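User: Could you take a close look at one part of this protein for me, the sheet and what surrounds it? I would like a connected account rather than a list.

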Amino acid sequence: MRLAFERLGCCRCVFSSEWDKYAQETYRENFGETPAGDITKIPSSEIPTHDITLAGFPCQPFSISGVSKKKSLGRPHGFEDVTQGTLFFDVARIIRDKQPKAFVLENVKNLIGHDRGKTFSVIYRTLADELGYDVHFKVLDAKYFVPQHRERIFIVGFREPRRFSWPIVRPRQQQFRSVLQEKTDPKYVLSDHLWSYLQRYAEKHRAAGNGFGFGLVDLEGICRTLSARYYKDGSEILIPRGPGQNPRRLTPRECAALMGFPRKFRIPVSDTQAYKQFGNSVVVPMVHAIAREVVRALRGRIYSKRLFPDPDPYGRIHKAQAK
């Protein structure tokens, strides 16, 4: 998100927070500074005054795969997940105490429907009713920016009502092959054992009528969503290598390209950590498009809320879903 906003040329980062030591290493290598640690332990008084708050609170408690896994293990999810789910309230705390002119939050699409809409209701009403911000939200698909189907919800808020519009996306054909490197290390090719296992696993679920299985990419099209678990077997995005040859995983550099990171972005960590970091990241050009509209709105006029009657957009969207 920092890259996306700084690319505008008018934004400068004044504070960042990240508690994972490997993510801190990547951040330090690329920005020349180490982020502050666990945000839950940082008082608002230590955070500089700023115009725009950017945050992507953990999505695992709300993602479809995360919820399914935690249910199977009998573990809490959503806001009941005290280690991750409640981090949103630290974001809200910072917004309340620092009163930025605007904020941009990002999370998984499933956040809207989690717990039959109750989770998002708490988030929306915290930002709009308790903090008093003019809140906009929308699910956007990164496939219009990179060759990857990746739906994420973005929540944008303004301290004063502004004329804000979401980026206009023009459908265009993305080609997956555009992110591939010409030469890659043979270590990224799947072993015979793993490839046989993935094929048996897919066949087993196909016979049971399920849709689980590996994903061989159409090089002329787009791929599935890159996830933080890609380091385990790479099964959701496998690159075909021709008849009789086992497919291969993406390299970390290809993952960076798939997320829209610039070529000069450095990757100082292991492949495992790099896969986790890119799978947890945002698509840079998509956030850049949102950033442009946010800054444009901030530079425009302040409007009276009376000019924009809002009969509870949250309720309207969920009533539509209920039907």
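Analyst: Here is a walk through the sheet, followed by a few places elsewhere in the chain. Please keep in mind that this is a predicted model.

Let us set the scene with the whole protein. Its secondary structure comes to 11 helices and four strands. Of the 323 residues, 47% are buried. The protein exposes about 17400 Å², and carbon and sulfur atoms supply 50% of that area. Among contacts with a separation of 6 or more, 69% are between residues 24 or more positions apart.

Now to the sheet. Four strands form an open sheet in the order β1-β2-β4-β3, and the pairing is mixed. At the edges stand β1 and β3 (134-141), each with a single partner strand, so one side of each is left without a neighbour in the sheet. From one strand to the next, the twist averages 15 degrees.

If you would like a place to start in your viewer, try the pairing of β1 with β2: these strands run parallel and are joined by four bridges. Here isoleucine 52 stands opposite alanine 102 in β2. A helix also packs on the sheet: α5 (residues 118-130) touches β2, β3 and β4 (151-158), and its direction makes about 140 degrees with that of β3.

The loops leading into these strands are worth a visit too. Between α4 (87-98) and β2 (102-108) is a loop that holds glutamine 99. The phi of glutamine 99 is near 50 degrees, a positive value in a residue other than glycine. With a relative accessibility of 33%, glutamine 99 counts as partly exposed.

Glutamate 33 sits in another loop, the one between α2 (21-31) and β1 (52-55). Its relative accessibility is 32%, so glutamate 33 counts as partly exposed. Leaving aside residues up to four places away in sequence, glutamate 33 touches Arg2, Ser16, Tyr27 and Arg28. With arginine 2, the side chain of glutamate 33 makes a polar contact of 3.4 Å. Phenylalanine 15 is 18 residues from glutamate 33 in sequence, and their C-alpha atoms are 10.0 Å apart.

Finally, a word on a helix further along the chain. Helix α10 (residues 284-299) has 16 residues, which at 1.5 Å a residue should span 22 Å; the end C-alpha atoms are 22 Å apart, which agrees. Of those 16 residues, 13 are buried, so α10 is largely enclosed by the rest of the structure.

Conventions: Residues are numbered from 1 along each chain as its sequence is written. This is a predicted model: local features need pLDDT of at least 70, side-chain atom pairs count only at pLDDT 80 or more; totals for chains, interfaces and linings use all residues. Side-chain values use heavy atoms; hydrogens and water are left out. Helices (H or I, at least four residues) and strands (E, at least two) are DSSP runs, numbered from the N terminus. Buried means under 20% relative accessible area, exposed over 50%, partly exposed in between (1.4 Å probe, protein chains only). Contact means heavy atoms within 4.5 Å. A polar contact is a pair of N or O atoms within 3.5 Å; within protein, one must be able to donate a hydrogen and the other to accept it, and residues adjacent in sequence count only if both atoms are side-chain atoms. The expected span of a helix is 1.5 Å times one less than its number of residues. Accessible areas come from the Shrake-Rupley method with a 1.4 Å probe; for residues, only the protein chains shown count as cover. Two strands pair if DSSP finds at least two bridges between them. Axes are lines fitted to C-alpha atoms, for helices over the stretch in contact, and angles run from 0 to 180 degrees between N-to-C directions.
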